[in-house]
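Trainee: I should be grateful for a close look at one part of this model, namely the helix packing around the second nonpolar core. Please set that part in the context of the whole chain.

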Amino acid sequence: MTSSRRTGRAAPMAPDDRRRAIVDVVVPLLLQHGGGVTTKQIAEAAGIAEGTIFRVFPDKAALLMAAAAETMDPAAGKAELADALAGVTDLRERVLVATERMHARSERVVAVMMALREVWMSQPPGSHEHPPGPPQFVLDSHRALLDRLTEVFEPHRDELTVEPRKAALLLRTLVLGVRHPGAEPEQMLTPSEITDALLGGIRTRPTRQEA
């Protein structure tokens, strides 16, 4: 038995690469197990000894915080959306593509943030200091998302009854709203339903003379 997974001995790796490798396995485990995922499960998935995790991250909360920052990285979302929108010129199709990408991405984000909250809530008061309000990476991610969605609507401003920025804000609110942790699965709106509900409210309609 010479593999790192079987012996628990991690193969040599630069610190940043080790950190990235650990974070990469966390999100799928959170989607499967929720905040109850253990560092033992994370270590097994990463093919390392459990103690290696704590040479990179001081505790489980810090690991989940890094996973949350990685999941909400604005740069990754921007590239994914740009690729998906390449060659798409119809307003409804552009909104549907953006909604589908955001819908899928929000599942990962909610899973990580709920797990992080669960870990924080389980710790004794004062044992884990963190600043009040959302972390800076959350604010940066939301601002970047609003910028990207505004770009989706901008070429179609003449087809809208609101400014592209307002349309972006409405879309973001609808998509993230259906991901409320208390919502039942059967209450989840599909990307197509969200797209049609939004455009039904903000798209210009032909006048009686034009119809």
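Mentor: The answer below goes from the whole chain to the first core, and then to the helices that were asked about.

The model is a predicted one. Its chain contains 10 helices and 0 strands, so the order of elements from the N terminus is simply α-α-α-α-α-α-α-α-α-α. Of the 211 residues in the protein chain, 36% are buried. Among contacts with a separation of 6 or more, 71% join residues 24 or more positions apart.

The largest nonpolar core comprises 27 residues, and the members that touch the most others are I42, I53 and L63. Two or more residues of this core come from each of α2 (15-33), α3 (39-46), α5 (60-71), α7 (91-122) and α8 (136-153). The most is given by α2, with 7 residues. The surroundings of L63 illustrate the arrangement: beyond its neighbours within four places in sequence, L63 is in contact with I22, V23, V26, I42, I53 and F57. A second core, separate from the largest one, has 23 residues, including L91, L171, V175 and L199.

An annotation also belongs to this context. The unreviewed UniProt entry places a "DNA-binding region" at residues 38-57. In the model, that stretch is 75% helix and 0% strand, and the C-alpha atoms at its ends lie 14 Å apart.

Two positions in α7 deserve individual attention. A111 belongs to helix α7 and is buried, at a relative accessible area of 18%; the cut-off for a buried residue is under 20%. The C-alpha atom of A111 is 9.5 Å from that of P28, although 83 residues separate the two along the chain. L91 likewise lies in α7, and its relative accessible area of 1% makes it buried. L91 and P155 are 64 residues apart in the chain, with 8.6 Å between their C-alpha atoms. When residues up to four places away in sequence are set aside, L91 touches F153, H156, E159, L160, L199 and R203. One of these partners, L199, is listed with L91 in the second core.

The helix pairs can now be taken in turn. Two packed helices are described by the angle between their axes and the distance between the axes.

For α7 and α9, the packing angle is about 40° and the axes are 10 Å apart. The two helices are therefore oblique to each other, and their crossing is right-handed. On the α7 side the meeting residues are V95, T99, M102, H103 and S106, while α9 supplies L171, R172, V175 and L176. Both L171 and V175 are also named as members of the second core.

The next pair is α8 and α9, the latter spanning residues 164-177; their axes come within 8 Å and cross at roughly 120°. This angle makes α8 and α9 oblique, and the crossing is right-handed. From α8 the contact involves H142, L145, L146, D147, L149, T150 and F153, and from α9 it involves P164, R165, A167, A168, L169, L171, R172 and L176. Of these, F153 is also a contact partner of L91.

The remaining pair joins α9 to α10, a helix of residues 191-202, with axes that come within 10 Å and cross at roughly 145°. This crossing, too, is right-handed. Here α9 contributes A167, L170, L171, L174 and V175, and α10 contributes I194, L198 and I202.

Taken together, these pairs show how α9 recurs in the part under discussion. L171 of α9 meets α7, takes part in the contact with α8 and takes part in the contact with α10. V175 of α9 appears in the meeting with α7 and again in the contact with α10. L171 and V175 are thus useful residues with which to begin tracing the second core, to which L91 and L199 also belong.

Technical notes: Residues are numbered from 1 along each chain as its sequence is written. This is a predicted model: local features need pLDDT of at least 70, side-chain atom pairs count only at pLDDT 80 or more; totals for chains, interfaces and linings use all residues. Side-chain values use heavy atoms; hydrogens and water are left out. UniProt positions are given in the numbering used here, feature names are shortened, and annotations may be inferred rather than shown by experiment. Helices (H or I, at least four residues) and strands (E, at least two) are DSSP runs, numbered from the N terminus. A nonpolar core is a set of buried Ala, Val, Leu, Ile, Met, Phe, Trp, Tyr and Cys residues joined through side-chain atoms within 4.5 Å. Buried means under 20% relative accessible area, exposed over 50%, partly exposed in between (1.4 Å probe, protein chains only). Contact means heavy atoms within 4.5 Å. Axes are lines fitted to C-alpha atoms, for helices over the stretch in contact, and angles run from 0 to 180 degrees between N-to-C directions. Angles under 35 degrees count as roughly parallel, over 145 as roughly antiparallel, 65 to 115 as roughly perpendicular and the rest as oblique. A crossing is left-handed if the near helix is turned anticlockwise from the far one by less than a right angle, and right-handed if clockwise.
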